[in-house]
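Hi everyone, thanks for making room for me today. I'd like to walk you through a structure, starting with the overall picture and then going piece by piece.

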Amino acid sequence: MIEYTKNQSIFDIKNTLQNKFQINSELIDNYHIQNTDIFKITISESKFKFLKNFLKKLNFILLEKVIIGSHENKRNSNNLLKVIFIYQPFLGKFNIEFVDSIFFKTLEEEIQKTINNRINKNFISERITSALIESNGEIIEIATQNIDLHKTFFDDLIKDKLLNEFKLNQIDLNKINEFLTQKNNSICIREVVKYICKDLSQSQIIFQDNYYSICPGCDYSNHAEAVLYSKVINNFKKDINEFKNLNLYLNNHFWICKSCSQKLENIGIKNIYLNKKWAIDFFNITKIF
Ligand SMILES: [Zn+2]
Ligand SMILES: [Zn+2]
């Protein structure tokens, strides 16, 4: 469970939205996805500014607002909006925004290169992230996740981990192995474990860790921001501090984890820009509204 800045739970926030903002509960959709929280809310335009300020104080940033209609009262007509907010645990440490930028095209090309150059040609990744650091319009460093680090087969190390750390049994392991073989070792073992464990009682325990440590390709050290950080440290040593206005562009993701946030803070990143077009597509905004 994520700790909210003001120790408010999602339940408290929903209550405030209903009571203070007078929003019907069926107009508030909220879900927890990949360790962060999303709000999709239908609200009249006149209340939007207050809502945005309220949620910003709780570290939610706006992804997109779309006009879905209008309703009239005695004095004026008022647009009805559908808005999406995403929780950013480290907002404040950084300015974080969803934006459109030419840099995301560069980051997309970098992902394509990584896919073309992968060693295991069978491997299909659900989602690959890439990131770059920019200063005064110039790209300082660029990186993608190393997709060859994902495990698509069993070895003793992973067997041991699943049995002892994650408390799976031999039957679970057989199921996982069968699935991997069926899929021709084309998917990450973590995806399979997540799938197999979704009905198991211990899956809650595993979920808190988001299973990252099962696979070196999914581990925190292989997040695009972390790979980028390692490159910066190797190539610039302390000289990175000489650059002013360091901005991070992160492609194919919608929030920054604690481990990455510490690294980005270390090298003096102030602004984090996330790919708005990609996120709108990922959260299916146009289709839903
Ligand atoms: Zn993996
Ligand atoms: Zn991360």
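Here is a tour of the chain, from its general make-up to its cores, strands and loops.

First, please keep in mind that this is a predicted model. The chain holds eleven helices and nine strands. Of its 289 residues, 30% are buried. If you take the contacts between residues at least 6 apart in sequence, 70% of them join residues at least 24 apart.

Let's go inside. The largest nonpolar core has 50 residues, and the members that touch the most others are Phe 85, Ile 86, Ala 131, Leu 228, Leu 248, Tyr 249 and Ile 272. At least three residues of this core come from domain 1 (5-87), and at least three from domain 2 (95-147 + 219-283). Apart from it there is another core, of twelve residues, including Leu 162, Ile 189, Val 193 and Ile 214. As general background, nonpolar side chains in soluble globular proteins tend to be buried together.

So what does Leu 248 contact, once we leave aside its neighbours within four places in sequence? The answer is Ala 131, Ile 133, Glu 225, Leu 264, Ile 269, Ile 272 and Tyr 273. Two of those names, Ala 131 and Ile 272, you have just heard among the best-connected core members.

That brings me to strand E9, residues 271-275. Four of the five residues in E9 are buried. Which strands pair with E9? One is E5, residues 95-99, which runs parallel to E9 and shares five bridges with it. The other I want to show is E8, residues 246-251, again parallel, with four bridges. Leu 274 is a handy landmark here: Phe 98 has it as bridge partner, and so does Leu 250. To get from E8 to E9, the chain passes through helix H9, residues 258-266, and this β-α-β crossover is right-handed.

While we are by E8, have a look at Asn 252, in the loop between E8 and H9. Its phi is near 65°, a positive value in a residue other than glycine. Is Asn 252 buried or exposed? Asn 252 has 21 C-beta neighbours inside 10 Å, and the cut-off for buried is 20 or more, so this residue counts as buried.

Compare the loop on the way into E8. Asp 239 sits between helix H8 (224-236) and E8, and with 9 other C-beta atoms within 10 Å, Asp 239 is exposed. Along the chain, Asp 239 and Ile 267 are 28 residues apart, and their C-alpha atoms are separated by 9.9 Å.

Now over to a hairpin. Strand E1, residues 28-33, and strand E2, residues 36-44, run antiparallel and are joined by six bridges. Ile 33 has Thr 36 in E2 as its bridge partner. Two residues lie between the strands, and Gln 34 in the turn has a positive phi of about 45°.

Next, a little check on a helix. Helix H5 covers residues 170-182, which is 13 residues; at 1.5 Å a residue it should span 18 Å, and its end C-alpha atoms are indeed 18 Å apart. Just after H5, Asn 184 takes a positive phi of about 60°. Asn 185 has a positive phi too, near 50°. Asn 185 belongs to the loop between H5 and helix H6 (189-197), and counts as partly exposed, with 16 C-beta neighbours inside 10 Å.

Another loop residue to find is Tyr 212, between helix H7 (203-209) and H8. Tyr 212 is partly exposed, with 18 other C-beta atoms within 10 Å. Leaving aside neighbours within four places in sequence, Tyr 212 contacts Cys 218, Asp 219 and Tyr 220. Arg 190 is 22 residues from Tyr 212 in sequence and 7.5 Å from it in space, C-alpha to C-alpha.

My last stop is Lys 113, in helix H3, residues 103-116. Is Lys 113 buried or exposed? With 11 C-beta neighbours inside 10 Å, Lys 113 counts as exposed. Thr 144 is 31 residues from Lys 113 in sequence, yet the two are 9.5 Å apart in space, C-alpha to C-alpha.

That's my tour, and I'm happy to go back to any part of it.

Definitions and conventions
Residues numbered from 1 in each chain as written. Chains lettered and ligands numbered in written order. Predicted model: local features only at pLDDT ≥ 70, side-chain atom pairs only at ≥ 80, totals over all residues. Core = buried A, V, L, I, M, F, W, Y, C linked by C-beta atoms within 7 Å. Domains from an automatic or database assignment. Contact = placed C-beta atoms within 7 Å. Pairing = 2+ DSSP bridges. Right-handed = clockwise from strand over helix to strand, strands pointing away. Expected span 1.5 Å × (residues − 1).
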